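Q: Please take a close look at a single part of this structure, the stretch that carries a domain annotation in UniProt. What is it built from, and how does it connect to the rest of the chain?

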Amino acid sequence: MAETSDFKAQPPEGIDAIGASSEGASLYQLIREDIIEGRLAANERLVVTDLARRHGTSTNPVREALQLLRGEGFVTFVPNRGARVRPIDQDFVRDIYEIGVLIEPALTRWFVNMATVEDIAELERIQGLIEENNFADTFRHSELDTAFHTVMYQRHYNRHAAELWWKHREVLRAVSRRFNFTLARRAAILSEHRELIAHVKAGNANEAGELIARHVEGSGRHILEHMRARNAARAG
């Protein structure tokens, strides 16, 4: 099996993974991680000069990073009060995955009607790597799983929809890193991917769309269940 570092999922062609200068992108990653991990608390004010001082940079890359985080929903801007950390709570995750349930079936149906033999072969190749890894390396699984879905969405004519899918996918991936897959979720992912490939081969666009809706909802609910359990443990 290849090393994890040998495989890195990439966004659909024409979509910048970050959309920022190298310094702004680096700060975006650092601040986003601080928000997800709770080092920056919910509703905490984000002062540009303080963040620039903390990270040893100028204020422009910080402003750039905050605008990117605003676009993803991690940061809110209130008039006359500046930027604040948005709570990464169950409502946030629910809103993100529910949008996916609406968007991804349409992207999937289009793909089924346009899929080539090469597309199907690539889905099967990536799925083979997913099954070979079998969740042993969760980071590698995340990269492979993202690549699997990117095959289906990367050529869609609606670049705004593809970009929205990518950005929301990255948000959920970042949040889900805190949690392990349950055995039931692992089994569902593997079986649903295989069923999806079968629908693509058969040209069953509507069935594939219905399946991907269940697949996305299952992923979102899995994260929510972990969040509820974590919050209950903290409260108890």
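A: Over residues 21-88 of this predicted model, the chain is 54% helix and 15% strand. The C-alpha atoms at the two ends of that stretch are 26 Å apart. The range comes from UniProt, where an unreviewed entry lists residues 21-88 as "domain: HTH gntR-type". The domain assignment of the protein chain draws its own bounds, with domain 1 at 22-85 and domain 2 at 90-235.

The strands come first. Three of them form an open sheet in the order β1-β3-β2, with antiparallel pairing. The edges are β1 (45-46) and β2 (75-78), each of which pairs on one side only. Between β1 and β3, which run antiparallel, there are two bridges. In this pairing Arg45 stands opposite Arg84, a residue of β3. Helix α3 lies across β1, β2 and β3, and runs at about 105 degrees to β2.

Next comes the packing. The largest nonpolar core has 32 residues, and those with the most contacts inside it are Ile35, Leu46, Leu66, Phe74 and Val93. Elements that give two or more residues to this core include α1 (22-36), α2 (48-55), α3 (59-72) and β3 (82-85). Others on that list are α4 (90-114), α7 (159-176) and α9 (205-235). The core takes at least three residues from domain 1 and at least three from domain 2. Apart from it lies another core, of 29 residues, among them Ala147, Val200, Ile212 and Val216.

Leu66 shows some of the packing in detail. Leaving aside neighbours within four places in sequence, Leu66 is in contact with Leu46, Val48, Leu51, Val75, Phe77 and Ala83. One of these partners, Val48, lies in helix α2. Val48 has a relative accessible area of 17%, so it counts as buried, the limit being under 20%. Not counting residues up to four places away in sequence, Val48 touches Thr59, Val62, Arg63 and Leu66. Val48 and Ile35 are 13 residues apart along the chain, and their C-alpha atoms are separated by 15 Å.

The remaining topic is the connection to domain 2. Taken over C-alpha atoms, the centres of domain 1 and domain 2 are separated by 28 Å. Seven residues of domain 1 are in contact with eight residues of domain 2.

Glu72 is worth a look here. This residue is found in helix α3 and is buried, with a relative accessible area of 11%. Beyond its neighbours up to four places away in sequence, Glu72 touches Tyr28, Arg32, Phe92, Lys167 and Val171. Of these partners, Tyr28 and Arg32 fall within the bounds of domain 1, while Phe92, Lys167 and Val171 fall within those of domain 2.

A residue further along the chain touches the end of the annotated stretch. Met227 lies in helix α9 and, at 1% relative accessibility, counts as buried. Leaving aside neighbours within four places in sequence, the contacts of Met227 are Ile88, Asp89, Gln90, Val93 and Phe179. Ile88 is the final position of the range that UniProt lists. Val93 is also among the residues with the most contacts inside the largest core. Phe179 and Met227 are 48 residues apart along the chain, with their C-alpha atoms separated by 8.6 Å.

Definitions and conventions. Residues numbered from 1 in each chain as written. Predicted model: local features only at pLDDT ≥ 70, side-chain atom pairs only at ≥ 80, totals over all residues. Heavy atoms only, no water. Core = buried A, V, L, I, M, F, W, Y, C linked by side-chain atoms within 4.5 Å. Buried < 20%, exposed > 50% of the residue type's maximum accessible area, 1.4 Å probe, protein only. Helix = DSSP H or I, 4+ residues; strand = E, 2+ residues; numbered from the N terminus. Domains from an automatic or database assignment. Contact = heavy atoms within 4.5 Å. Pairing = 2+ DSSP bridges. Axes fitted to C-alpha atoms, helices over the stretch in contact; angles between N-to-C directions. UniProt positions renumbered as here; feature names shortened; annotations may be inferred.
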